[in-house]
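Subject: Structure for you to look at

Hello,

Please find the structure below, with its sequence. My notes on what I found in it follow.

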Amino acid sequence: MTHGFFDGYLTEDFFDEAFEADGAPRPHYRQLIERFTNLGEDDIRHRRQLGEDVFKARGITFTVYGEHEDIERTWPMDLFPRIIPASEWEVIERGLAQRVTALNRFLDDIYVGEQAAINDGIVPRWLITSSSGFEREAVNIPVPNGARCLVAGIDLVRDRDGIYRVLEDNIRNPSGISYVLENRAAMMKVLPAAFREHRVRPVDQYGRALLRALRNVAPPAAGDSPTVAVLTPGAYNSAYFEHAFLARQMGVELVEGRDLVVDDHVVYMRTTGGLQRVDVLYRRIDDAFLDPVVFRNDSTVGVPGLMAALRAGTISIANAAGNGVGDDKAVYAYVPELIKYYLGEEAIIPNATTYLLWDPDQRKHVLDRLDQLVVKPVAESGGYGIVIGPKASDEELAVVRHNILTDPRNYIAQEVVSLSRSPSFTDDGLAGRHIDLRPFVLTGDRVEVIPGGLTRVAMRAGSLVVNSSQGGGSKDTWVLAPIDQPIDVAVDGDDVPEAELV
Amino acid sequence: MLARHAESLFWAGRYLERAEGTARLLDVTYQGSLQVAGGEGRDAWAHVLDVLQARKEFDRRGRTLDEGAVCTFLVTDRSNPGSIVSGVATARENFRTVREHLSSEMWENVNGFHLDLQARNIAADLTGEPYALYDLVKVRCQTLGGVAAQSMPRDETYSFLRLGWMIERALITCRLLNVNYASLGHDDYDAMLLTLRSASALEAYRRSFQSSTNPTHIAAFLLQSRSFPRSVLFCLQRAEHSLENLAGPSTSRNRAQRILGRIRSQLEFTDIAEFVTGDVHATLDALEQSICDIADVVANQYFRVGSEYALQSQYVLPGEAMV
């Protein structure tokens, strides 16, 4: 069987999302591959251009912080989507819900509970108290319904055997959902017929689900229709597009710190009609900048008095303050144990193999194999500070070795996961590129996983770095509906648009 | 609506109107410079700066006042916040911060405007034939006005945008008359053409006054026309309408409404014959000042809400002086 367009495409020694090792298309990709084959090169080029134009015209950009000036880039989306069949997604969904449920329980236990996981010896106390994400200021501040990870973005990768693994938990301020929705909107414009041939589950219910989850954590005094606002550091933040997008999707105000005032422990926003009370803030600024009275006093993007208002219970914020302790990469290593401890279940999605460096045996093992492992600082996100052993120079490895020996608590080491690859459009034509997946999980009155997520692509040949801040691309991610079930689109199933009930 | 958002909209409206006004003035002045006419020797480029009240800002740069320097300063100079390129970039930034209030068409148009300007070799336009550039700016601004009218609900967003737009337009027309009035006095046909074209008013004027070069007619038209959309009266009426929308159904007038209403009715009921026999410059200066005052009153009423909290002593940090 020849595929024309895909002739010469090599899976090499990797798990390829679209093709088996022998070169045959995987069953759930067959139709898509056939469609691309039939389109022909010119048509494909045209559609790729169309896609780029859509993003450019809509001003969908992200900012790369440069050495001299910040650069505004148009969001890159690859024309070849990623497909996840229903059977695979069902497992991922359960696994993510399980993981986030356990993380919520853990954080509640640490901040307002009896710290049972510590007392029962599941995690060492010193590990928690030494975490830079552990906020003493957040102790004893309750969160309604314990929904501390209201929005979680759990990074998944597939290894050489196609097994999904959790690479890291992002439970502070995970970003990327706006691009999930924009990728989908763009794909429906540039490749409409392909949607007809697949039963793709929609993602555009996100705004409504997020608003519902946010209202779910409002203080009881807020009544039936609490006022929600999105708090952004401002237009120069790299994720500002997303902040504005989410405010628009929910139909709520997008506020900056300077739009808010706290009076007698109540938070108000300055509006053209005077001061208006705010009940829930979906804050997209880090803990350290939230409130200059309590945290960094040089923060100009925060709200003086916000923490006191939180403690007074007049307002809720999401995600909760202090979540950083839960996505500390050293604590991440304990999550499978925490799942067992709180839920009495085995973790459905395994971690990547992780070494904790304060343990002398593990540290020795790591230092002996430094050139074969990945070393990460425990508190960073966005791919910053990561050293990939096999690609690192001797000097870099020497620095890492020194860092580990100086401060072993601050680093973890992981086996290199040979990320799965997907056919992607590169400057040199179609080629396999490594990808990951960030699904988004909301904690409302129940834990809900948005079907799909952000598939990020390492666009440089052989690169494992998918972060958009470091030149990564993205793919629309299609989760297929089970064959004989109607597509469930709405959160409640109450207002399913007709067109989607095919 | 957030006070800061209202302010962003107000200024976006002002910047866009200013960009259009600048493009039109430069276009007309460029055309005027092509022929030897009665206007020869008149310092046309300095007048452009005066109409836009940019003379001081220009002089500070210490450049010789000639066509090239004025055009660069008014079109591409990023250090001049009022230049076309800066103004459009600011309007886009402002729209970006209020994007959740705008229709997608509105955002895509302003974004496209900005991208068009970024993609152009404007230096080449200015040293060659600048028509295409000025057309682009005028058409884009007018399109935005149309898109706003066709795609946005008549809510606060629209009202603040329109308010800024109309106040800037009233100011530009007022200054245009003020700067050119002296030259209108001597049955000067070229001066009449230049003045009216700069306000895009020539065709409409002719329908009312044919080719009259009588300064009284020109002043009456630019100040008091009830039908011409760039006359000062027309703009103030529209601005009043926006304030009414913002005030809602309340029966009493707020401060901004009272002041604007006074200025508008004074202008509306001025006898133009008396106006031209008095000190025209002083009267127009006063009118300009009143329009600026309205902008200030609007700012106090809508944009500076809760400003008393900024200085609350309880938030002064240890070691920090009170501002």
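Chain B of this predicted model is divided into two domains: domain 1 covers residues 1-152 and domain 2 covers residues 153-305. The C-alpha centres of domain 1 and domain 2 of chain B are 20 Å apart. Where they meet, 30 residues of domain 1 of chain B are in contact with 30 residues of domain 2 of chain B.

On the side of domain 1 of chain B that touches domain 2 of chain B, helix 1 (3-32) and helix 2 (44-51) of chain B each supply at least two residues. Helix 1 of chain B makes the largest share of that side, with 17 residues. Sorted by class, that side of domain 1 of chain B has 15 nonpolar, 8 polar and 7 charged residues.

Within domain 2 of chain B, I looked at helix 12 (residues 215-224). Which residues of helix 12 of chain B are buried? They are B:P215, B:I218, B:A219, B:F221, B:L222 and B:L223. These buried residues pack against helix 9 (156-184), helix 10 (189-198), helix 11 (202-209), helix 13 (232-247), helix 14 (255-268) and helix 15 (272-277) of chain B.

Next, the contact between the two chains. Here 21 residues of chain B are in contact with 24 residues of chain A. Helix 1, helix 5 (84-97) and helix 6 (104-119) of chain B each give two or more residues to the side of chain B that touches chain A. Which helix of chain B gives the most to that side? Helix 6 of chain B does, with 4 residues. The residues of chain B on that side divide into 10 nonpolar, 4 polar and 7 charged. Helix 1 of chain B therefore appears twice in these notes: on the side of domain 1 that touches domain 2, and on the side of chain B that touches chain A.Now to chain A, and its sheets. Strands of a sheet pair through backbone hydrogen bonds, either parallel or antiparallel. One open sheet of chain A has 4 strands in the order 7-6-11-12, with parallel pairing. Strand 7 (253-255) and strand 12 (316-318) of chain A stand at the edges, and each has a single partner strand, so one side of each has no neighbour in the sheet. On average, neighbouring strands of this sheet are turned by 30 degrees against each other, direction ignored.

Strand 6 (residues 228-231) of chain A pairs with strand 11 (residues 280-283) of chain A in the parallel sense, over 4 bridges. Strand 6 of chain A is also joined to strand 7 of chain A by 3 bridges, again running parallel. A:V230 is a useful residue to find in the model: its bridge partner in strand 11 of chain A is A:Y282, and its bridge partner in strand 7 of chain A is A:L254. Are the faces of strand 6 of chain A covered or uncovered? Both faces are covered, with A:V228 and A:V230 buried on one side and A:A229 and A:L231 buried on the other.

Strand 16 (residues 411-415) of chain A pairs in the antiparallel sense. Strand 13 (residues 354-356) of chain A runs antiparallel to strand 16 of chain A and is joined to it by 3 bridges. In this pairing, A:L356 has A:I412 as its bridge partner. Strand 14 (residues 373-377) of chain A also pairs with strand 16 of chain A in the antiparallel sense, over 5 bridges, and A:P377 stands opposite A:Y411. Strand 16 of chain A is mostly covered, as 4 of its 5 residues are buried.

One residue of chain A can serve as an exercise in reading exposure. A:R45 is found in helix 2 (residues 41-57) of chain A. Why does A:R45 count as partly exposed? The reason is that A:R45 has 13 C-beta neighbours inside 10 Å. A:R45 and A:L79 are 34 residues apart in sequence, and their C-alpha atoms are 9.6 Å apart in space.

Last, the confidence of the prediction. Chain A averages a pLDDT of 90, and 94% of its residues score at least 70. Over residues 489-502 of chain A the pLDDT is below 50. That stretch has 17 contacts in the model beyond near neighbours in sequence.

Regards

How values were computed: Residues numbered from 1 in each chain as written. Chains lettered and ligands numbered in written order. Predicted model: local features only at pLDDT ≥ 70, side-chain atom pairs only at ≥ 80, totals over all residues. Domains from an automatic or database assignment. Contact = placed C-beta atoms within 7 Å. Nonpolar A, V, L, I, M, F, W, Y, C, P; charged D, E, K, R; others polar. Pairing = 2+ DSSP bridges. Axes fitted to C-alpha atoms, helices over the stretch in contact; angles between N-to-C directions. Buried ≥ 20, exposed ≤ 12 C-beta atoms within 10 Å, placed from the backbone. pLDDT = per-residue confidence, 0-100.
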